[in-house]
Amino acid sequence: MIKKLKNIIRLLRSVDLEQLEKVAKKVDLAAVMQAVSKMDDAQLKGVMKMLTSTGKKRETPPVNADFYEVEAKLSPEDRALQLKVRDFLEREVKPIVNKYWLHDEFPFEIIPKLAGLNVCGYVYKGYGCAGGSSLMDGIIAAEFGRIDPSIATFLGVQSGLAMGSIYMCGSEEQKQEWLPKMQRLEKIGAFGLTEPEVGSATAGGLTTTCRKAENGWVLNGQKKWIGNSTFSDITIIWARDVDDGQVKGFIVRKENPGFMVEKIKGKMALRIVQNGLITLTDCVVPESDRMPLANSFKDTAKVLQMTRAGVAWMAVGCARGAYENALDYTLKRKQFGKPIASFQLIQNHLVEMLSNLTAMQTLVFRLSELQDEGKLKDEHASLAKVFCTLRTRDIVSRAREVMGGNGILLEYNVARFLADAEAIYSYEGTKEINSLIVGRSITGFSAFV
Ligand SMILES: Cc1cc2nc3c(=O)[nH]c(=O)nc-3n(C[C@H](O)[C@H](O)[C@H](O)COP(=O)(O)OP(=O)(O)OC[C@H]3O[C@@H](n4cnc5c(N)ncnc54)[C@H](O)[C@@H]3O)c2cc1C
């Protein structure tokens, strides 16, 4: 009886007095009190909930993946470009990628639209390129990764690996011939370094050969995993010179009779990216298509240093896309009558994801500042590549986890990130190889073999 009385007092306290007076003019309060006194605890609790409720739906905070406001450091122009890229990708790419991913096909209709965005070759000076900062190049890569790591990879190969090789190692004539057309995506490039039997060990172990001949150079060997190569106009081929043992770089055109590409089928990651197995059989390349500044693997490594930084940014985008989709899902999905975002164990996953994402974002920001200051070293790029791709694997796996069964359905926009993170983790140097680069730098001991 005392407990009931206490509850009635609590109930009355919770009611606004002015409102009570207004209500008393219209309602027989004595009868109400009598009815209330007959209620059990559960019924009383319900009435209290009704009386104290504001009637408004609970507002959840907006999904915000820039927790430390890193983007606030961008200039207004750069921020505007970032939002332009984001808007383009949301409108043009997001609606089509699941279908293409499922069918293991490339959306060729996107190429002219991408050209209109004018971000290809963003960092290079001249040749129709924007001459922008590495920081913005990274921001753009992350925006692409946030919507689709495959399209991000397509652009990374074109803009970074292929154009970067020509920009850093090509002659002035080669730059004039290829870079403006590649910037406009009228010509597509690929980058052939990895071989079927030589992946991590390319620095000292390339088996594809080049031999000087009267009519130019003769290339023989195979290249595996080469992104864009099934439809590219040119492929940068790295081969070992049989005479001096050094690695040299060539621009090989698709119409060359000694050049053959087979599509690699059955991938479970980055399915939109068209990877090829290239066979070079007495492939004759004129001297004018040999890149004069590609004379040892050190020159190849310069290109890789730049693109590895880009892969780290792309991983940030991939992780961000998964985190944003997962957080949004947990706010909407209800179990046990409540949004799953209100459960402690789900919040733990969300916070782990955000912690890693925030660490990655701040790390790549500084990485690009170093790059823009001309201070970037191989070990800086490798550390970022290792950390970001490793953490991304953790983030996408938690994103999938908090979504239960729907986490493995493409239409919920996390499954693709989960799969694609696996490829990003392995390409442009595995975790082990990039760790060995950092390890050599901090200890002075090379532990490669
Ligand atoms: C989707 C995709 C796209 C790609 N695109 C391109 C492209 O466009 N152009 C291109 O040239 N290449 C491309 N690659 C190739 C990619 O760079 C290689 O897959 C990568 O370098 C690893 O080589 P591998 O697969 O032969 O593995 P392996 O070298 O056989 O390595 C297997 C395992 O052994 C480990 N390992 C090797 N050596 C050591 C060591 N010394 N110490 C410790 N562990 C070691 C590796 O870390 C790895 O875990 C692509 C790959 C993928 C999956």
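Which polar backbone atom is 2.8 Å from a nitrogen atom of the ligand? It belongs to F448, as the first view shows.

**View 1. Polar contacts around the ligand.** This is a predicted model, where local features need pLDDT of at least 70 and side-chain atom pairs pLDDT 80 or more, while totals for chains, interfaces and linings use all residues. Numbering starts from 1 along each chain as its sequence is written, and side-chain values use heavy atoms, with hydrogens and water left out. Besides F448, look for a polar side-chain atom of T194, 2.7 Å from a ligand nitrogen, and one of S200, 2.6 Å from a ligand oxygen (polar contacts here are pairs of N or O atoms within 3.5 Å). The protein covers 67% of the 980 Å² of accessible area that the ligand has on its own (Shrake-Rupley, 1.4 Å probe).

**View 2. The shell around the ligand.** Here 18 residues surround the ligand (a heavy atom within 4 Å), with T194, S200, T430, E432 and F448 the closest. Domain 3 (190-297) and domain 4 (300-443) both chip in residues, so the ligand sits between them (bounds from an automatic or database domain assignment). Strand β5 (216-227) and helices α14 (415-426) and α15 (431-443) each supply at least two shell residues (DSSP runs: helices H or I of at least four residues, strands E of at least two).

**View 3. Helix α7.** Residues 134-147 make up this 14-residue helix, which reaches 20 Å from first C-alpha to last, close to the 20 Å expected (1.5 Å times one less than its number of residues). Of its 14 residues, 13 are buried (under 20% relative accessible area, 1.4 Å probe, protein chains only), so α7 is largely enclosed by the rest of the structure.

Terms used. A polar contact is a pair of N or O atoms within 3.5 Å; within protein, one must be able to donate a hydrogen and the other to accept it, and residues adjacent in sequence count only if both atoms are side-chain atoms. Buried means under 20% relative accessible area, exposed over 50%, partly exposed in between (1.4 Å probe, protein chains only).
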